[in-house]
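Biologist: Got a minute to go through this model with me? I'd like to start with the charged pairs.

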Amino acid sequence: MNECLRVSPISAVRGSVSLPGSKSISNRALLLSALSDGVTEVRNLLVAEDTEMMLGALRGLGVGFEQNEDGTIVKVTGCGGAFPVKKADLFLGNAGTAMRPLASSLAFSGGEYTLDGVARMRERPIAHLVEALNALGAKISYLNEAGFPPIKIEPAFHIRGNLAHIRGDVSSQFLSGLLMAAPLLAPEEGLRIRVDGELISSPYVSLTCRLMEKFGVTVKTTEKDFLVPRARYKSPGVFEVEADASSASYFLALGALGGPLKVEGVGQDSVQGDAAFVEYLAKMGASVTRGENWIKTAPNPYAKKLHGIDADVRTIPDAAMTLAAIAPMCDGETTLRGIGSWRVKETDRIAAMEKELSKVGCKVESGEDWIRITPPEELQSATFDTYKDHRMAMCMSLIAAAGVPVFINDPKCVAKTFPDYFTRLSTVVEN
């Protein structure tokens with residue numbers, strides 16, 4: 001039987017909290033380190049399931065690395081894009097930040113590989129990326145259902161042409177994966193990557209480009225095109241991973257509801273798109289202060305509650321879930337738009353959020369890419385299902401800030417990105 005965790009009513013939060021490294025940055029940094037010439041020391045690496053999946057895959061591909069005792073520092077010996085192992089079966093769990101970039105990086109590496117994951121990963125689309133790579137000359141096929149992992153990669157060495165087309169309206173990870181692989185497979189004149197249709201979660205693509213620059217490759221961008229030069233990645237020597245801005249959102253929200261609370265490790269100069277989460281809190285009436293490497297949030301001293309908002313949140317899809325979770329504690333309804341990508345994440349997050357918030361008495365409506373939450377007059381305690389989704393577990397814990405106990409089924413699913421979330425939560429709450 002799954003564990004069920006009781007989260008006691010939260011009357012206030014105080015003090016400060018430090019956060020683990022960013023998942024998005026950690027897995028990108030590990031792969032770029034592996035693709036580089038030289039040795040890279042990656043510091044403040046996230047220690048969680050998703051990074052374990054990436055490290056396990058790199059080990060399976062023959063990439064050498066050493067970790068310190070707690071796993072937060074990893075020295076990676078780069079292979080210059082030429083993975084030593086040419087035949088491997090890689091299991092990637094439910095880590096999209098491993099599956100999509102590795103598919104791209106292995107497509108033209110001259111080896112034979114299978115990439116697979118858990119049952120939910122087999123439901124997460126990869127067709128647009130596979131189509132883009134195959135159009136360039138890759139030999140990728142599906143082992144089960146067309147359009148979804150597991151996939152088989154057969155040896156290919158050279159791309160056809162200098163223009164790649166990719167859809168951007170399902171997952172930005174498709175474009176990010178292709179971008180990271182591009183310098184090593186581009187023709188002499190470079191590879192132009194054109195985004196067909198809308199590009200969602202664009203800050204994650206900007207993050208990819210900024211990290212590539214740290215490893216010596218500069219991408220030229222226009223509104224729809226990305227021009228990647230033919231180049232070799234070069235190790236920066238030491239790479240420091242920022243604290244995770246998505247994980248910060250839960251504590252920043254708690255600070256806005258019952259703080260002040262200071263979050264250490266992510267600040268006004270963050271390269272992560274989810275750092276913009278606090279701008280939405282400010283629109284809801286919260287007090288927000290930012291420093292170079294910290295953010296502090298507190299309630300509005302002139303209002304009893306935050307107020308609901310109607311906002312397009314497509315640029316912060318992960319942190320936007322936190323806005324949905326605190327909507328029951330706000331005055332008025334909250335409508336979040338541009339969240340179609342929620343449906344292909346660790347679970348269908350729109351459906352999951354609708355079902356779980358209804359348990360506390362909210363009126364919840366939704367469509368293909370939006371959700372509207374109307375708070376009840378009085379919130380009820382509830383037992384929340386988490387759907388093996390780390391963000392559902394962390395989001396639902398915030399309901400305790402309404403002054404009611406909540407119960408979280410399968411709380412250990414937070415291990416995907418934030419294994420000690422509930423422990424760190426306990427250090428700042430007042431019950």
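Modeller: Sure, one term up front: buried means under 20% relative accessible area, exposed means over 50%, and partly exposed is in between (1.4 Å probe, protein chains only). This is a predicted model, where local features need pLDDT of at least 70 and side-chain atom pairs count only at pLDDT 80 or more, while totals for chains, interfaces and linings use all residues. Residues are numbered from 1 along each chain as its sequence is written, and side-chain values use heavy atoms, with hydrogens and water left out.

Biologist: OK. How many salt bridges are there?

Modeller: The count comes to 28 salt bridges, taking a side-chain nitrogen of Lys or Arg within 4 Å of a carboxyl oxygen of Asp or Glu.

Biologist: Which residue does Asp 50 form a salt bridge with?

Modeller: Lys 416, and the closest N and O atoms are 2.6 Å apart. That pair links distant parts of the chain: Asp 50 is in helix α2 (residues 49–60), Lys 416 is in the loop between β24 (406–409) and α12 (421–426), and 366 residues separate them. Helices (H or I, at least four residues) and strands (E, at least two) are DSSP runs numbered from the N terminus.

Biologist: And is Asp 50 buried or exposed?

Modeller: Asp 50 is buried, at 2% relative accessibility, and Lys 416 is buried as well, at 4%. Both belong to a network of salt bridges, whose other members include Lys 23, Asp 318 and Arg 349.

Biologist: What about Arg 43, what's its partner?

Modeller: Arg 43 pairs with Glu 41, with the closest N and O atoms 2.6 Å apart. Glu 41 counts as buried because its relative accessible area is 17%, whereas Arg 43 is partly exposed at 32%.

Biologist: Where does Arg 343 sit, and where is Glu 368?

Modeller: Those two form a salt bridge, with 3.7 Å between the closest N and O atoms. Arg 343 is in the loop between β20 (334–337) and α10 (349–358), and Glu 368 is in the loop between β21 (363–366) and β22 (370–374), 25 residues away in sequence. With a relative accessible area of 60%, Glu 368 is exposed.

Biologist: Switching to something greasy: which helix is Leu 178 in?

Modeller: Helix α5 (residues 172–185). Leu 178 is buried, at 0% relative accessibility.

Biologist: What does Leu 178 touch?

Modeller: Leaving out residues up to four places away in sequence, it touches Ser 104, Leu 133, Leu 136, Ala 164, Ile 166 and Ile 193; contact here means heavy atoms within 4.5 Å. Ala 132 is 46 residues from Leu 178 in sequence, yet their C-alphas are 8.7 Å apart.

Biologist: Now strands. Do β5 and β6 run parallel or antiparallel?

Modeller: Antiparallel, with 4 bridges joining β5 (residues 64–67) to β6 (residues 74–77). Two strands pair if DSSP finds at least two bridges between them. Gly 64 has Thr 77 as its bridge partner in β6. The two strands form a hairpin with 6 residues between them, and Gly 71 in the turn has a positive phi of about 85°.

Biologist: And which strands go with β24 in its sheet?

Modeller: That open sheet has 3 strands, in the order β1-β24-β23, with mixed pairing. β1 (4–7) and β23 (382–384) are the edge strands, each pairing on one side only. β1 pairs with β24 in the antiparallel sense over 4 bridges, and Arg 6 has Phe 407 as its bridge partner in β24.
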